[in-house]
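Subject: Handover of a structure and notes on its contents

Dear colleague,

Please find the sequence and structure below. My notes follow, for you to read alongside them.

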Amino acid sequence: MLEITNLHATVGEREILKGLTLSVKAGEVHAIMGPNGAGKSTLAHVLAGREGYEVTKGSAHFEGRDLLDMEPHERAAAGLFLGFQYPVEIPGVSNLLFLRTAMNAQRKLRGEAEISGAEFMKKVKAESATLGLDMDMLKRGVNVGFSGGEKKRNEAFQLGMLEPKFALLDETDSGLDIDALRIVSEGINRFRSAERAVLLITHYQRLLDHVRPDVVHVLAKGRIVESGGPELALRLEAQGYEGLAA
Amino acid sequence: MTATLPETRNAEAAAAVEELSSYKWGFATEIEQDFAPKGLSEDTVRFISAKKGEPEWMLEWRLKAYRLWLKMDAPDWAKLKIPPIDYQDAYYYAAPKAKPTLASLDELDPEIRRTYEKLGIPIEEQKVLAGVEGARKVAVDAVFDSVSVATTFREELKRAGVIFLSISEAIREYPDLVRRHLGSVVPVRDNYFACLNAAVFSDGTFVLVPKGVRCPMELSTYFRINAENTGQFERTLIVAEEGAYVSYLEGCTAPQRDENQLHAAVVELVAEADAEIKYSTVQNWYPGDKDGKGGIYNFVTKRALCRGARSKVSWTQVETGSAITWKYPSCVLMGEDSVGEFYSVAVTNNHQQADTGTKMIHMGKGSRSTIVAKGISAGRSDSTYRGLVRVGPSAEGARNFTQCDSLLIGDRCGAHTIPYIEVKNPSAQIEHEATTSKISEDQKFYAMSRGLSGEEAVALIVNGFCREVLQQLPMEFAVEAQKLLGISLEGSVG
């Protein structure tokens with residue numbers, strides 16, 4: 001589903017990704033772990049198409065399409081979703097309006113019909129209930145006045161509503177208390193299916209207690225230095241990132 | 001008196017002057033020539049008045065204004081760069097019919113065509129806007145040039161007792177009413193542009209909602225400038241008698257024009273006790289091209305007199321067009337507990353300049369005012385909010401709340417907030433809040449990562465920024481305004 005080959009990327013003058021190769025198949029959940037500054041968030045931003053991140057070498061394909069040739073909104077319409085480490089506030093635009101505008105923009109790009117008001121609200125009610133987001137919050141400006149945990153729950157809500165094929169979740173667990181971690185994890189687990197894939201980017205192992213990955217990768221100094229099963233995450237938790245092969 | 005013929009620049013105009021001198025002061029009912037000669041003189045004023053069959057007092061009023069105007073100077077305090085205006089190089093009453101420049105819409109600049117389509121303007125109207133040959137025959141419920149007023153629903157309004165006429169008709173049919181109110185809110189000598197308007201106003205609208213009547217529909221008139229080189233001098237007078245209510249919509253879209261066009265309208269509102277007037281404007285006149293060439297000069301005087309106790313006037317404006325905007329819809333809060341409101345969005349892009357705001361003059365006890373002004377600057381444009389809150393000695397317990405927010409797009413534009421506050425009553429409460437922000441890359445990327453294109457993302461963020469103002473507009477107007485905001489800012493974000 002996602003094929004990344006020898007990816008090099010720079011931010012400003014600095015090269016952050018230095019030959020990253022990664023392959024994620026449909027139905028799989030991968031976790032990328034690594035120390036601060038390893039390039040985890042850079043990878044997320046490069047894949048989502050943020051300006052200012054320049055790919056100097058290598059390739060990234062999503063379902064056979066050249067991801068690097070697409071605008072961020074085209075990547076979204078193709079089925080790629082980025083869960084933000086720091087979700088952004090947009091005052092004056094309600095969460096509902098934002099989501100509906102986004103859903104319809106994606107549908108339009110895919111040549112599909114717009115979602116009806118009734119269908120949209122039905123989906124909103126179902127998704128928001130499981131994440132403990134009430135209607136008053138959804139009518140407020142996007143993430144405005146939300147606590148850190150509420151913002152992350154809102155990301156999970158958007159994930160559920162937009163129904164992408166691939167969820168790229170950047171430090172979704174940071175800033176979450178135990179209860180919120182459980183709620184957000186349940187959201188991710190509901191998302192899992194044979195047709196979809198997830199790439200979890202995380203610094204800590206604790207998210208992986210709730211969302212069990214199929215593959216764990218260790219990212220250090222801009223490349224994947226080790227891959228393994230869930231036991232790799234436990235080992236990292238016990239030993240720390242020091243002593244990894246550079 | 002002998003008329004001094006103005007210096008004319010073309011044969012057509014010379015002929016018109018000739019004709020003018022043959023019927024002068026005769027109040028002939030039919031005048032062959034349907035345009036006034038180019039240039040401004042007492043003759044021009046007389047021509048306009050005669051053409052409209054106005055009574056003597058109206059002509060005198062105009063002439064007095066004209067003579068005053070000659071002695072006045074154009075205001076220079078606004079933060080605007082206004083190129084010198086040659087008042088002799090313009091027509092003041094219609095113009096010789098400009099030859100259509102296009103044989104069909106296919107010849108129209110595709111970019112303009114796209115804008116029309118995005119705005120949802122019907123094909124036939126597009127032809128009129130673009131000046132396509134033969135298009136003038138199309139009947140559109142809109143005001144073109146200076147001859148005016150939508151007559152739709154006139155019957156229903158008549159049943160309710162509402163008078164809704166062109167001001168020219170009103171001068172003929174209700175001279176006493178017009179005479180009582182005309183210039184009572186914006187005096188002839190108020191300012192340079194208002195004075196010019198008093199002398200040469202070509203047409204406009206008169207509304208009177210009688211005591212206790214709630215106007216059964218939103219009144220709307222589309223003003224469109226559509227004749228090359230025609231200075232537009234609209235005059236609007238709206239009177240809401242005791243306990244009356246009226247909502248008036250003024251919307252404008254403009255055709256592409258190369259020549260600078262001066263627009264100096266005057267709008268006067270009078271609200272008696274317990275009356276309420278809601279006045280909404282969406283203004284989208286041609287702003288000039290990307291290099292700042294052409295575009296409308298919009299120098300407008302709008303003022304409301306809240307004369308009676310508990311009277312209320314609410315101005316809402318969405319200003320996206322014009323090359324230069326000089327406009328301060330104001331409220332004189334004379335009545336006890338009277339209320340003035342001003343909700344404004346002003347968008348400037350490319351080389352547009354806007355100096356706009358409001359004046360809230362508190363005279364009545366317990367009078368209250370609210371100002372919410374949102375300025376959005378992009379490109380190399382410059383936008384200034386200029387507002388005055390004045391509390392007179394008699395305005396015991398007056399209150400004002402002002403909020404001015406500026407949003408910058410890019411790093412070559414400017415936004416300025418200039419609030420004037422004068423308080424002569426110690427019991428007054430004045431609050432002023434101001435913010436300046438930029439659309440952040442984070443916001444834009446967040447919205448794009450959810451499926452919005454760059455322009456859609458910016459439009460959404462901007463609409464959010466303006467929400468408090470947009471929600472004051474009637475529904476269908478708000479939708480149009482939202483579209484306009486997006487279109488006005490197209491190409492402004494990298």
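Does K38(B) count as buried or exposed? K38(B) counts as buried, because its relative accessibility is 13% and the cut-off for a buried residue is under 20%. This residue sits in the loop that links α1 (11-23) with α2 (42-51) of chain B. Its side chain makes a polar contact of 2.9 Å with the side chain of D89(B).

Please note that this is a predicted model. For chain A the mean pLDDT is 92, and 98% of the residues reach 70 or more. Within that chain, confidence is highest in helix α2 (residues 72-78), at a mean of 97, and lowest in helix α9 (residues 230-239), at 86.

A second residue of chain B also deserves a description. Q352(B) belongs to the loop between β14 (339-348) and β15 (353-362) of chain B. Q352(B) counts as buried because its relative accessibility is 6%. A polar atom of its side chain lies 3.0 Å from the backbone oxygen of T320(B). Beyond its neighbours within four places in sequence, Q352(B) is in contact with several residues, including P287(B), G321(B), S322(B), V347(B) and D382(B).

Turning to chain A, I begin with a sheet. Four strands make up an open, antiparallel sheet in the order β2-β1-β4-β5. Its edges are β2 (14-24) and β5 (65-66), each of which pairs on one side only. Strand β1 (residues 2-11) is joined to β2(A) by eight bridges in the antiparallel sense, and V11(A) has R14(A) in β2(A) as its bridge partner. Helix α1 (residues 40-48) of chain A lies across β1, β2 and β4 (53-62), and runs at about 110° to β1(A).

The last element is helix α7 (residues 178-191) of chain A. With 14 residues, α7(A) reaches 20 Å from its first C-alpha to its last, close to the 20 Å expected at 1.5 Å a residue. At its start, a side-chain oxygen of D177(A) comes to within 3.2 Å of the backbone nitrogen of D179(A). Among the buried residues of α7(A) are L181(A), I183(A), V184(A), I188(A) and F191(A). What do the buried residues of α7(A) pack against? They pack against three helices and two strands of chain A, namely α4 (117-131), α6 (148-162), α8 (206-210), β9 (166-170) and β10 (197-202).

With kind regards

Definitions and conventions
Residues numbered from 1 in each chain as written. Chains lettered and ligands numbered in written order. Predicted model: local features only at pLDDT ≥ 70, side-chain atom pairs only at ≥ 80, totals over all residues. Heavy atoms only, no water. pLDDT = per-residue confidence, 0-100. Buried < 20%, exposed > 50% of the residue type's maximum accessible area, 1.4 Å probe, protein only. Polar contact = N/O pair within 3.5 Å; in protein donor to acceptor, adjacent residues only side chain to side chain. Contact = heavy atoms within 4.5 Å. Pairing = 2+ DSSP bridges. Axes fitted to C-alpha atoms, helices over the stretch in contact; angles between N-to-C directions. Expected span 1.5 Å × (residues − 1).
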